[in-house]
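User: I am new to this structure and would like a close look at a single part of it. Please choose one helix, say what surrounds it, and then place it in the chain as a whole.

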Amino acid sequence: MSDPPAAPPSDYAVLSELRVPEGSGDVLEAAFADRLGEVEQHAGFRRLEVWRDARDATRYLMMTWWAAPEDFRAYMRSEEHRRSHARIPGAPHQPKGVRVEQFHVVAR
């Protein structure tokens with residue numbers, strides 16, 4: 001049996017840092033597990049990963065890969081993005097965005 005085909009190369013990545021109140025990590029993780037998943041259908045989207053800091057359970061990094069910066073910007077202006085963010089947990093578990101950084105992938 002052969003391996004599945006590799007994902008198409010992506011050349012743009014966006015890193016978002018989130019903080020959650022102490023004890024709210026399970027709520028955020030459940031929200032990601034139950035997300036709408038509409039971003040996967042958006043043009044240029046490659047993949048999403050969410051990472052919990054191994055030393056600080058209140059810190060999360062969300063990394064998305066895109067074909068081009070324009071694809072990411074179009075998603076951020078989309079109705080799909082608005083619907084997705086309307087489902088973010090509220091108080092007392094509401095995450096706080098700390099920073100967003102954008103990168104061009106130059107090597108693998």
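Analyst: The part to look at is helix α2, whose buried residues pack against β1 (12-19), β3 (59-66), α3 (79-85) and β4 (96-104); helices here are DSSP runs of H or I with at least four residues, strands are runs of E with at least two, and both are numbered from the N terminus. This is a predicted model, in which local features need pLDDT of at least 70 and side-chain atom pairs count only at pLDDT 80 or more, while totals for chains, interfaces and linings use all residues. Residues are numbered from 1 along each chain as its sequence is written, and side-chain values use heavy atoms, with hydrogens and water left out.

Helix α2 covers residues 69-76, and its buried residues are Pro-69, Asp-71, Phe-72 and Tyr-75, where buried means under 20% relative accessible area, exposed means over 50% and partly exposed lies in between, with a 1.4 Å probe and protein chains only. These residues lie on the same side of α2, because they cover an arc of only 165 degrees around the axis, the arc being that of the directions from the helix axis to the C-beta atoms.

Two of these residues, Phe-72 and Tyr-75, belong to one aromatic cluster together with Tyr-12, Phe-45 and Trp-66. The structure holds four aromatic pairs, counted when the ring centres of Phe, Tyr or Trp (its six-membered ring) lie within 6.5 Å, with planes under 30 degrees apart called stacked, over 60 edge-to-face and the rest tilted. One aromatic pair, formed by Phe-45 and Trp-66, is edge-to-face, at 5.3 Å centre to centre and with 75 degrees between the planes. This pair links distant parts of the chain, since Phe-45 is in strand β2 and Trp-66 in strand β3, 21 residues apart, and both Phe-45 and Trp-66 are buried.

Another residue that meets α2 is His-42, which lies in the loop between α1 and β2. His-42 counts as buried because its relative accessible area is 16%. Apart from neighbours within four places in sequence, the contacts of His-42 (heavy atoms within 4.5 Å) are Trp-66, Asp-71, Ala-74, Tyr-75, Ser-78 and Glu-80.

The strands around α2 belong to an open sheet of four strands, in the order β2-β3-β1-β4 and with antiparallel pairing; two strands pair if DSSP finds at least two bridges between them. The edges are taken by β2 (45-52) and β4, each with a single partner strand, so one side of each is left without a neighbour in the sheet. From one strand to the next the twist averages 15 degrees, with axes taken as lines fitted to C-alpha atoms, for helices over the stretch in contact, and angles running from 0 to 180 degrees between N-to-C directions. Antiparallel strands β1 and β4 are joined by eight bridges, and Val-14 has Gln-102 as its bridge partner in β4. Helix α1 (residues 25-33) also packs on the sheet, where it touches β1, β2 and β3, and its direction makes about 20 degrees with that of β3.

Seen as a whole, the chain has three helices and four strands, which run β-α-β-β-α-α-β from the N terminus on. Of its 108 residues, 31% count as buried, and among contacts between residues at least 6 apart in sequence, 72% join residues at least 24 apart.
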